[in-house]
Amino acid sequence: MSKITIRNIKAILTAPAGINLIVVKVETSEPGLYGLGCATFAYREKLVASMVEDYLDPLLKGRDVSNIEDLWQLMNNNSYWRNGPVTNNAISGVDMALWDIKGKLANMPLYDLLGGKSREGVAVYRHADGRDLDTITENVQKFMDQNIRHIRIQWGGYGGDAKALNKPAGAPDGVYYCPDQYIRNTIKLFEHVRGKLGDQIELLHDVHERIPPIDTIRLAKALEPYRLFFLEDVLSPEQGDWLKILRQQSCTPIAIGELYNNPKEWDYLIYNRLIDFIRVHISQIGGITPARKLAIFCEQFGIRTAWHGPGDVSPVGHAANVHLDLVSHNFGIQEWAGISETLHEVFPGSPILKDGYVYANDKPGLGIDINEELAAKYPCQTRVTQWTQTRLPDGTLYTP
Ligand code: MG
């Protein structure tokens with residue numbers, strides 16, 4: 001077979017659901033043969049696009065599409081400094097696109113190329129929240145009626161509602177919350193929902209790293225009677241060492257990782273068995289190539305996968321999640337934020353949720369395409385990010 005080479009790499013920016021998405025298209029020397037990958041870093045979209053078009057395209061143009069591992073290492077080493085979120089997302093876009101191309105050449109869906117299915121459908125968890133206990137319980141019931149068995153519950157936004165906070169004079173703008181009030185309400189929430197809806201569902205919760213380390217231990221212990229499927233992001237990456245102490249004191253399952261970029265942030269948590277679920281954001285770690293290695297590494301230590309699946313992952317990224325979920329023996333659960341009708345129109349072939357499970361389609365590669373003309377009708381907006389400006393009651397900034 002004659003060599004197929006990379007002809008052009010471009011970034012496609014689109015926001016069909018109001019969230020900036022970055023998709024990479026790798027075009028080849030073979031007419032009509034191209035691949036797509038997710039490079040979505042919603043809050044720094046122009047930097048990722050520049051990384052793709054100004055640095056990776058010239059680096060890879062003319063190279064053989066076959067050797068994905070070598071090209072991944074080349075991209076990773078080329079800027080000398082490694083493991084940053086902008087570079088990793090750009091690398092991910094190209095990496096996923098190369099796997100997509102590989103699948104098209106082999107005429108196999110990605111899950112087949114990676115060894116075949118371990119399961120037919122992918123169980124997902126959905127998000128139920130609300131401003132009061134009855135609304136949240138109703139929202140959980142709605143998902144239960146759709147045969148969703150895993151449901152994340154939150155009272156208010158991350159950190160809970162922040163009514164009636166006594167801020168100091170001159171306190172700056174921001175997203176205010178009170179960690180103590182949030183912890184008390186979260187325990188009440190679990191007591192209420194378990195009491196109303198019983199033991200037949202799996203409940204999850206996301207702390208979003210918004211409480212001090214010692215309070216994560218208090219919360220994990222207090223939630224034990226409610227048998228969580230997992231407690232998510234109890235600690236910021238910078239405070240990961242606290243998991244050693246938490247682990248000795250609580251059997252609430254721990255899921256962590258959506259903020260991780262560097263293998264050094266997760267490797268010791270895995271080989272010391274300090275977590276139960278790894279939930280990295282696949283484009284943030286550099287794509288399918290490192291995610292597949294990470295899943296297999298976790299398998300050796302009895303740790304399951306729960307890849308990050310929010311709205312700021314493109315449908316191409318969701319497809320990559322789902323293909324890995326189908327393959328990995330140690331799959332745990334998939335977060336599912338939902339793919340709107342408009343997103344389905346822009347990204348034909350997006351994974352589909354049906355009766356509690358998500359399915360990939362059986363087309364070669366990732367099985368997903370992009371309607372570029374339609375994508376162009378939803379331009380990205382570059383704006384100052386507000387929700388990450390989180391503050392404690394006295395106005396101190398805290399991790400978002
Ligand atoms: Mg989360």
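Where is the place of Asp233? In this predicted model, Asp233 sits in the loop between strand E8 (230-232) and helix H8 (243-249). The close-ups below start there and then move to other parts of the chain.

**View 1. Asp233 and His208, two loop residues with positive phi.** Most residues other than glycine have a negative phi. Asp233 is not a glycine, yet its phi is positive, about 40°. With a relative accessibility of 4%, Asp233 counts as buried, because buried means under 20%. His208 lies in another loop, the one between E7 and H7. His208 also has a positive phi, near 55°, in a residue other than glycine. The relative accessibility of His208 is 9%, so this residue counts as buried.

**View 2. Helix H5 (residues 133-145), with its buried residues on one side.** The 13 residues of H5 should span 18 Å at 1.5 Å a residue, and the end C-alpha atoms are indeed 18 Å apart, which agrees. Look for the buried residues of H5: Leu133, Ile136, Thr137, Asn139, Val140 and Phe143. They cover an arc of only 160° around the axis, which means that they lie on the same side of H5. Glu138 and Asp145, on the other side of H5, are exposed. Among the elements that cover the buried residues of H5 are strand E4 (122-130), strand E5 (150-155) and helix H6 (179-197).

**View 3. The two ends of H5.** At the N-terminal end of H5, Asp132 acts as a cap: one of its side-chain oxygens lies 3.2 Å from the backbone nitrogen of Asp134. After H5 comes Asn147, whose phi is positive, near 70°.

**View 4. Helix H6 and what its buried residues pack against.** H6 has 19 residues, and the distance from its first C-alpha to its last is 27 Å, close to the 27 Å expected at 1.5 Å a residue. Its buried residues include Tyr182, Ile183, Leu189, Phe190, Val193 and Leu197, and also His192 and Arg194. The buried residues of H6 pack against H5, E5, strand E7 (202-206) and helix H7 (213-222). Gly198 comes just after H6 and takes a positive phi of about 80°.

**View 5. Helix H3 (residues 85-106), mostly covered.** Of the 22 residues of H3, 16 are buried. At 1.5 Å a residue H3 should span 32 Å, and its end C-alpha atoms are 31 Å apart, which agrees. Just after H3, Asn107 has a positive phi of about 55°.

**View 6. The largest cavity and its lining.** Rolling a probe the size of a water molecule over the atoms shows where empty space is left. Searching the whole structure turns up one cavity of 30 Å³ or more. The largest cavity holds about 50 Å³ of space. Its lining is made up of Cys38, Met96, His281, Ile282, Ser283, His308, Val313, Gly317 and Asn321. Helix H10 (282-285) and helix H12 (315-327) each supply at least two residues of this lining.

**View 7. Ser328, in the loop after H12.** Ser328 is placed in the loop between H12 and strand E12 (334-335). Which residues does Ser328 touch, not counting residues up to four places away in sequence? They are Ser118, Arg119, Arg292 and Ala295. Ser328 counts as buried because its relative accessibility is 2%.

Definitions and conventions: Residues numbered from 1 in each chain as written. Heavy atoms only, no water. Helix = DSSP H or I, 4+ residues; strand = E, 2+ residues; numbered from the N terminus. Expected span 1.5 Å × (residues − 1). Buried < 20%, exposed > 50% of the residue type's maximum accessible area, 1.4 Å probe, protein only. Arc of directions from axis to C-beta. Contact = heavy atoms within 4.5 Å. Polar contact = N/O pair within 3.5 Å; in protein donor to acceptor, adjacent residues only side chain to side chain. 1 Å grid on protein atoms, 1.4 Å probe; cavity = no way out; pocket = protein on both sides within 12 Å on 5 of 7 lines; lining within 4 Å. Points joined across faces, edges and corners; volume = space filled by probe spheres on them.
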